[in-house]
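Hi everyone, thanks for coming. Let me walk you through a structure that may be new to you.

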Amino acid sequence: MITVIGGGPVGLVAALYARRAGLPVQVLERRSKLPLDKACGEGLMPGGVGLLDELGVVIHPDGQAPFSGVRWIDGDVVADAPFPHGVGRGIRRTYLHEGLMAASADAGVDVRLGVEVTGWDGAVLTTSDGEVRPDHLLACDGLHSRLRDWTNLSAGPGPVARFGLRRHYRGVPWTDRVEVYWGDGAEAYVTPAGPERIGIAMLWSGEKARFDKLLTRFPRLRDRVVGLPQDSQDQGAGPLHQRVRGVVAGRCLLVGDASGYLDALTGEGMALGFQQARAAVAAIQAGNPFGYAAEHRRIVRQPVALMQLLLVAQRRPWLRRSIIRSLAAMPRVFSHVLQLNDGGDWLPSGRTPHKLD
Ligand SMILES: Cc1cc2nc3c(=O)[nH]c(=O)nc-3n(C[C@H](O)[C@H](O)[C@H](O)COP(=O)(O)OP(=O)(O)OC[C@H]3O[C@@H](n4cnc5c(N)ncnc54)[C@H](O)[C@@H]3O)c2cc1C
């Protein structure tokens, strides 16, 4: 039996892959109020959309909108590029959860809501509903994973504290791109998340802040949404950078945000988590759970390298502007960068720039 801790998107995708592999699986999720929601930019990159399709996950049309590429806006400089392959989807998290729960029910996944995991000693899980002795454990318990601590795989938060905050507005999206507005020390991400829903996520470093205050840093964007009714309560997350020493400890495999997180800057957290979920199940099925560690490194190395570069550039406005100006002049290069971020190849194999540390 595989026990998955966390019924977020990565946990449910992991459970679906386990069922496809013919493995019995249960999911323990501490929350019970459905559908689950979370602070997220909600842009699923084309690779992640492909994996949801592969698993037969159906999302209600009211809760999603396609996007065809990415636009970076820094003052008057605009770099814009389509995805070379496929489309992304802005999917409201509540609708994503509904779609994943329906697919899980069809696949025979045993999802136990309102069950909190409170301890793990390497063999026995303590939960609010008694003890469980899993053969394998997939820790999909998110950014502030407690399994990461209990397995001693945590290397603590990163040195720079960045935070995220998101809000939705009711209105017809004005763009079929994910728009990223770059400012000094903060970015705003606009994602169409339904035929009449616009999601905006803020990322910034420094002190905790309120959405309306952050929005004043982006006057062009503020003018776009002024007067539109708010469609969700603001939700935040952080600090974002969480480091790991490894992703496998005995029979426990860390997956998704639990397996280390750098930043939401390039919006591929869910797509990476889905790939990790598939790799973790494949390693268990092959009888080699430790093989997951190498696969995990392979999955994250290029997106994380790009994210590191952008985080450095974000702290140096002249560098950031010159990168965006260059990409504006070379949209095909920008398209290529988007593809690399979504699973293409650019680093020589074997070179690992970063271990999420
Ligand atoms: C501001 C912001 C913007 C983002 N934008 C994007 C984007 O545009 N695109 C993208 O792909 N990603 C984005 N991300 C990242 C994305 O939200 C995460 O990568 C994704 O949610 C990871 O899913 P997960 O299932 O690993 O974790 P989560 O979604 O956090 O799910 C973890 C689940 O585990 C449960 N849980 C935790 N502890 C326990 C316990 N002890 N017992 C039982 N259950 C437990 C929680 O209740 C939760 O349901 C963004 C993140 C932020 C903060």
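Before we look at the ligand, one term: a residue counts as near a molecule if its C-beta atom, placed from the backbone, lies within 6 Å of it. Please also keep in mind that this is a predicted model.

So, how many residues surround the ligand? There are 41, and the closest are Gly-8, Gly-41, Gly-164, Gly-256 and Gly-269. Several elements give two or more residues to this shell, including α1 (9–20), β2 (25–29) and β14 (162–170). The largest share, 4 residues, is from α7, the helix spanning 269–285. Sorted by class, the shell holds 18 nonpolar, 12 polar and 11 charged residues.

Now let's zoom out to the domains. The assignment gives domain 1 (2–63 + 91–159 + 240–341) and domain 2 (162–237). Each of them supplies at least three residues to the shell around the ligand. Their C-alpha centres lie 23 Å apart, and 21 residues of domain 1 are in contact with 20 residues of domain 2. On the domain 1 side, helix α9 (residues 317–329) provides the largest share, 3 residues. That side divides into 9 nonpolar, 5 polar and 7 charged residues.

Last stop, a sheet. Three strands form an open, antiparallel sheet in the order β3-β7-β4. Why is one side of β3 (43–44) and of β4 (64–67) left without a neighbour in the sheet? Each stands at an edge and has a single partner strand, so one side of each stays unpaired in the sheet. β3 pairs with β7 (residues 88–91) over 2 bridges, and the bridge partner of Gly-43 is Gly-90 in β7. Thanks for listening!

Methods. Residues numbered from 1 in each chain as written. Predicted model: local features only at pLDDT ≥ 70, side-chain atom pairs only at ≥ 80, totals over all residues. Pairing = 2+ DSSP bridges. Nonpolar A, V, L, I, M, F, W, Y, C, P; charged D, E, K, R; others polar. Domains from an automatic or database assignment. Contact = placed C-beta atoms within 7 Å.
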